[in-house]
Amino acid sequence: MSNSHDKHHEPQPPVLTGQHTYGSLSDKVASIPLDPKHSKGWIFGFLIAFSLFGLLHMAIGWVFFKGVGVWGITNPVGWGFDIINFVWWVGIGHAGTFISAILFLVKQQWRTSINRFAEAMTLFAVACAGLFPLLHMGRPWRAWWVFPYPNTMGLWPNFHSPLIWDVFAISTYATVSALFWYVGLIPDLATMRDKATFKPVKMIYAMLSMGWRGAASHWERHQMAYLLLAGMSTPLVLSVHTVVSFDFAMSLIPGWHTTVFPPYFVAGAIFSGFAMVLTLLIPIRKFYNLKDMITDKHIDNMAKITLATGWMVFYGYIIEAFMAWYSGNQFEGFMMLNRMSGPYAPFYWALILCNGIIPQLLWFKRVRLNMLFIWLISIVVNIGMWLERFVIIVTSLHRDFVPSAWDIYTPTKWDWATFLGTIGLFLTLIFLFIRVLPMVAGFEMKELLHHRKKHQ
Amino acid sequence: MREQEKPNPVDISQLREKLQSKSGSEYWRSLEQAADTPEFKTWVQHEFPNEPELWNRGTTRRDFLQLMGSMIALAGLAGCTRQPDEKIIPYVKQPEDLVPGRPLYFATSFAQNGFARGILVESHMGRPTKIEGNPAHPDSLGAADILTQSSVLDLYDPDRSKTTTDSGMVSTWTAFAAAAGRRLELQKFKEGEGLRVLTGTVVSPTLASQLQNVLKVFPKAKWIQYSAVNRDNAREGAIRFFGQDYAARYHVSLADVILTLDSDFINAGPGSMRYARDFADRRRARGGKIISGKMNRLYAVESSPTITGTSADHRLALASFRIEGFLMALASRLGVPVKADESNFSEEEKRWLNAVAKDLKSRKGRSLIVAGDSQSPAVHALAHALNRELGNAGKTVVYTDPIEPVSQDQTAAIRVLAADLAAGKVDDLFLLGVNPVYDAPRDLNFGEKMLRAGFRAHLGLYEDETARLCQWHVAAAHYLESWGDARAFDGTVGIIQPIIHPLYEGKTPIDVAAILEGRPGVSSYQIVKDYWKSQTTAGQNWDKNLHDGVIAATAFEEKNPSPAAAPNFKPSPRPADGAGVEVNFRPDPNIGTGETANNAWLQELPKAITRVTWDNIIAVSPKTAEKFGITKKDSDQIESAGRFAHSAIIRIEFDGRSIEGPAWIVPGHAEDSVTVYLGYGRTHSGHIANGIGYDAFALRASTAANFTTGAKVSRTGKYASVASTQDHGSMEDRHLIREATADDYAHHPEFAQHLVHDPKPNETLFKPGEHLKGENQWGMSIDLNTCIGCGACTIACQSENNIPVVGKKNVLNGREMHWIRVDRYFEGSDLDAPRIVHQPVPCMQCENAPCEPVCPVGATSHSDEGLNDMVYNRCVGTRYCANNCPYKVRRFNFYNFVDDAPSLKLMRNPDVTVRTRGVMEKCTYCVQRINLARIDAKKEDRPIRDGEIVTACQQTCPTQAINFGNIKDPSSAVARDKADSLNYGILTDLGTRPRTTYLARLRNPNPELESKAAEAAQHV
């Protein structure tokens, strides 16, 4: 990065290293999908992912066949793994758009080598998340009733319900993210078309690249479309998880009914999204030897964002506890004490450890640049964010207002099968993605190279 | 190929011998018949060849060929069988009373352990669907308890025995009658010396007269009555005091001070419904006053907490064997000439004794002492003496002849029967509606001895443990299919009339007794009708008696017996000190002694005190549990582990027999004492009952039927999961139940409002409830002051609203479906002597219902009459509404919980939708009943009258604790309740504006005993 503003600062580590030319960049980016041979590692990983995906089919089949009773949900705890996983996946699905859209708008050039991958990850995470609203329904064959479609009975969904807002928020987000991702892919798809030698592959890339010829008019329109989509995506990044947080904040359950939820959820989403990007990118960049494109600088920057959003989330935890005491509300106070010392206390303290304490290691540059450490921390954060949703949903519901109704929630093997199954779906899609599409935005890297050359 | 087995040819020479050995003229139809081969037996005994057992058996090739052969042979015969007439002609003229869609109500009686509870049966197009109390009946007054109401499920139980069987093979009633007739012919020669008839407690005058006739025909025969829970002690106590048996009946409404001794008299046993009503009527309060003028005061001394104990103002936990000593001490204070040893009473217990004695003395003639049937004869004799001494006899307690036509010492009788059986004196044993193999004292070893009788015939609803060991089993008719009669606790006769034609080939004890009397073929209808026509003048008016369900003026006249010259207060033998643990045998609060064990409603109804379902537990006090080595870790698990509630399994050994069951900590249980509940551990009942719980009968001996001391208890190291619907007993300072003493109430009638400082309602431009424009605004009030926590409302609701049962596994998962639950909380600071309170919780029908805005599809919405409606058709099952319900009254169909057994379909209330999987449901204030009344009112062009709509829970409540109606009409009962100072809503600070509100609970403690209790009340 050699922006003129940076002149007075100490030189920044580069975001593109190595002796690259336009050609070598293209070759490198395109070589992974176009390699006719599957590497052993890829096959191995894909098989694991695909078997978990198979597990998902089984889990879904069983839930549809028997009913949601196969899960551990009970009477006071009407939502369990279904909604925990939903919120977790939606959260993960925030990093991509954040990186692509917001960092694009604020002209953070280091985003270019990771945005494609992060966006793909977003889409896949949203796909996983999108399953759960359907699966969690008692009568999933009636799921289409949540959409506002004209009908002879004049029946509409209940627009008061945060679940309906969810339907709109998630479907809008999924649509815009998919478009944004695809528009960004087009020039690279054309490169793939040009590089592919095997005819059928060439034809597929040709169709997907929609006649891109790299004309200046194409570029002009493409840049404009990309900018507009970035502009549209930006508020969505903030709104989606705000709306998801409304599922809880709009209720009256102590532990849910909290005004801090929207910002706290958004921060948590970006936190977990970046953690997931780190979890996936660190091994991939090593495996595909992409260290010159995804440099230590990238990892460092992402770690810093993780640390910052981690503190926002941690602030949320502190405010929740403070308000429980400060409000003087009997139910809030009990809820907080129950979280800290009730049957699920280990989960709460594990959450504080994972999301509050361990990420503090990221203050140290040596940690941020130690790939093993940072990879482990990113996994801890993923677990922590899952625990956060568990704590919010389960501990709030299992002991709310009337003590006679209190009960314990324990997930069953089908809960775990569904959860692991969606991880399988996610990884399967990731594996397919890195095998068939350029995971680094080649044309944007070339732009970087162009800038570098210009300033040299 | 294997060598082919030779066919079994008829052995001519053997056959000839056999025919010669027979006496008299015998007809034989074929050589096969004469040879009496097993093949022929099956052939002739099966009127219906499609006997399922043949198919279930593993079939060998040989069997297969035999079967094929017999099928070909029988295929021709089947066409000859005369099919029963079945009329399927639609009405040409509609019967006058029958309007499709409108139920009819018929009066009949439900006999509970023999004693009648008058009921009205709701019948839809000929199908009984629901049971309600008969207002004209003295032991119902319109209410019905859990057993009575759930009996309708037994009628449709798919596990019921459906036909007569002979040695396990399908047979017919005619064949049975013929077989029994032949045996009776033989008995005639011996004057019935080898004939025994075993029945439960018979309170049916007709059946008793029939059986007495039998004894006339067979003078040396014996009729034995045995019920596992009986009034042997009460009978013996009366004989000790009066010299003969009298039945005590209580005028609870006249008593200011009541002392009960191990008696659950307002919840179980004959008269309990009436006693509960009378008890509650003395406690009802409105407008700062007790309506009856003065609130009664109830002292309960008991070993294991019961409904009566939890309703008491003072409750003392005392091991069963110590209660006699307690009463001796009390009697000596009140002038009965007995010597009491008070050395083993604690100071607290002595304080209790003095206070109770003083209180009783101050209310002479207006006090009452009630002894429980499980207590010793001495306790009963002392209770009679005390009631007499206090001037209560003839006032609060009256005496009549025993209600049973023939009162027997049942334990002694069955002991003699067992001895006779063992001695081979019994040839023919008729068992009518009893299951002694399971429920007779186990030391008698009845099952084994019974096999000595050559002819054993059993009549029962199920092919149970006893039926299995009998040659003949006759399927009994359910009482809703039967003619019969029974007396209530006061002697009032109720006629039992069938509401439906027998679903199977059921017969009644009256039918069997007719065979014994030597008049087979006379219908039970004729027998009952003839009996009553011959008895009283009131009996003449048959149609009126059927219509009313009771025969007027048949209550027994009150007697004024004088005590025997030297009443016998001889104490029962006392156990030696440190002689081990006391074991109390109690009928299960829901399924009694096992006769209703296959009733899923009763199994799933949480037991009033423990909230346990689908199991019997061993109740122990916290301290005693510690002594047994049930550590804090165990109890933590029990307290908070919810669905994985692990209960330590303990072994109780006594007299060489032992049982193992899960220990359940019951605060308020007596120390060094455990209570085991009878009725579980069934092996041959049905799908519901078989294999659940432990068999407490295994420990019960004829010498110690109610409690025994000296048992040894040990941990087994094993755990069981017990499905309890309420794991948390503390109210956590949430003021869900508000309570004060009667004195405080008199000085401060608004205490319920002032107990909690609700925040000011939110500022709003809207007038609360202004969107509710309906002409009627429905509301409900529940009077916690009179609610005793019996659970009748839950069963009424289940029956009315087609609520499914979910089974133990799902209850463990917290998925029970009851729309109205009865919460139980422990109160006070003393873990060993808590106060136990109950609170029924239906849907609150909040005006600002939190469940409504969150539903994504608008499946739950508000009616303009203030109902929080649930549209099952529209529900997609997101469960958000249930999450957002602060009262947690919404119930979700996690699976398809509906049992689709064909017979159960007949039972469903056609006015209420049967819900499918994935749908949310909850209390609707019985909207179907509201709509019915609305239609009537519209037709007559008038407003709906107050009291015209009665919800199912309200209708059945024995203490009339529930009021329902239009809160907009200030003169309605419910509006008056809501205006009362006792009225409060729960969790109103959430702004939900609940339409269901509560009337606060009042207690009437004795100030002398209150100091400690008052301290505890601070912690409420």
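## Notebook: strands and helices in chains A and B

I began with a bridge pair: B:V257 sits opposite B:R297 of β12(B). A reminder to myself before going on: this is a predicted model.

**Entry 1: around β12 of chain B**

The pair I started from belongs to a parallel pairing, in which five bridges link strand β9 (residues 257–261) of chain B with β12(B). I then looked for a partner in β13 (residues 314–317) of chain B and found one: β12(B) and β13 are also parallel, with four bridges. There, B:E302 faces B:A317 of β13(B).

Next I asked myself how many residues of β12 (residues 297–302) of chain B are buried. I got six of the six, so the strand is largely enclosed by the rest of the structure. I checked the two faces separately: B:R297, B:Y299 and B:V301 are buried on one side, and B:L298, B:A300 and B:E302 are buried on the other. I noted that B:R297, opposite B:V257, and B:E302, opposite B:A317, are both on that buried list.

**Entry 2: two open sheets in chain B**

I traced a three-strand open sheet, ordered β1-β2-β3 in chain B, with antiparallel pairing. Its edges are β1 (104–112) and β3 (127–133) of chain B, each pairing on one side only. Ignoring direction, I found neighbouring strands turned by 40 degrees against each other on average. β1(B) and β2 (residues 115–124) of chain B are joined by nine bridges in the antiparallel sense, and B:T108 has B:I119 in β2(B) as its bridge partner. I also looked at what lies across these strands: helix α6 (residues 146–155) of chain B crosses β1, β2 and β3 of chain B and runs at about 170 degrees to β3(B).

The other sheet I followed is open as well, with four strands in the order β38-β31-β40-β39 (chain B) and mixed pairing. Which strands stand at its edges? They are β38 (962–966) and β39 (983–984) of chain B; each has a single partner strand, so one side of each has no neighbour in the sheet. Further in, I saw β31 (residues 778–783) of chain B running parallel to β40 (residues 996–999) of chain B, with four bridges between them. In that pairing B:D783 is opposite B:L999 of β40(B).

**Entry 3: the largest nonpolar core**

I turned to the largest nonpolar core, which has 410 residues. The members that touch the most others are A:V90, A:A95, A:M121, A:V277, B:L382 and B:V583. Helix α9 (residues 261–287) of chain A is the biggest contributor, giving 15 residues. I picked A:M121 for a closer look: leaving out residues up to four places away in sequence, A:M121 touches A:A95, A:G96, A:M276, A:V277, A:L280 and A:I430.

**Entry 4: α4 of chain A**

A:A95 and A:G96 led me to helix α4 (residues 95–105) of chain A, where nine of eleven residues are buried. I listed the buried ones as A:A95, A:G96, A:T97, A:F98, A:I99, A:S100, A:A101, A:L103 and A:F104. Against which helices do they pack? I found α3 (81–92), α5 (112–135), α6, α8 (216–249) and α9 of chain A. After α4(A) comes A:K107, and I noted its positive phi, near 55 degrees.

**Entry 5: A:I84 and α14 of chain A**

I looked up A:I84 and placed it in helix α3 of chain A. Buried or exposed? A:I84 has 23 C-beta neighbours inside 10 Å and so counts as buried. Its C-alpha atom is 5.8 Å from that of A:F390, although the two are 306 residues apart along the chain. Leaving out residues up to four places away in sequence, A:I84 touches A:W386, A:R389, A:F390 and A:I393.

I went on to α14 (residues 371–398) of chain A and tested its length. At 1.5 Å a residue its 28 residues should span 40 Å, and the end C-alpha atoms are 40 Å apart, which agrees. α14(A) is mostly covered, with 21 of the 28 residues buried.

**Entry 6: a helix crossing in chain A**

Last, I looked at α1 (residues 22–34) and α6 (residues 162–195) of chain A, whose axes come within 10 Å and cross at roughly 75 degrees. The two helices are therefore roughly perpendicular. A:S26, A:A30, A:P33 and A:L34 make the contact from α1(A), with A:T191, A:M192 and A:K195 from α6(A).

Conventions:
Residues numbered from 1 in each chain as written. Chains lettered and ligands numbered in written order. Predicted model: local features only at pLDDT ≥ 70, side-chain atom pairs only at ≥ 80, totals over all residues. Pairing = 2+ DSSP bridges. Core = buried A, V, L, I, M, F, W, Y, C linked by C-beta atoms within 7 Å. Buried ≥ 20, exposed ≤ 12 C-beta atoms within 10 Å, placed from the backbone. Contact = placed C-beta atoms within 7 Å. Expected span 1.5 Å × (residues − 1). Axes fitted to C-alpha atoms, helices over the stretch in contact; angles between N-to-C directions. Parallel < 35°, antiparallel > 145°, perpendicular 65-115°, else oblique.
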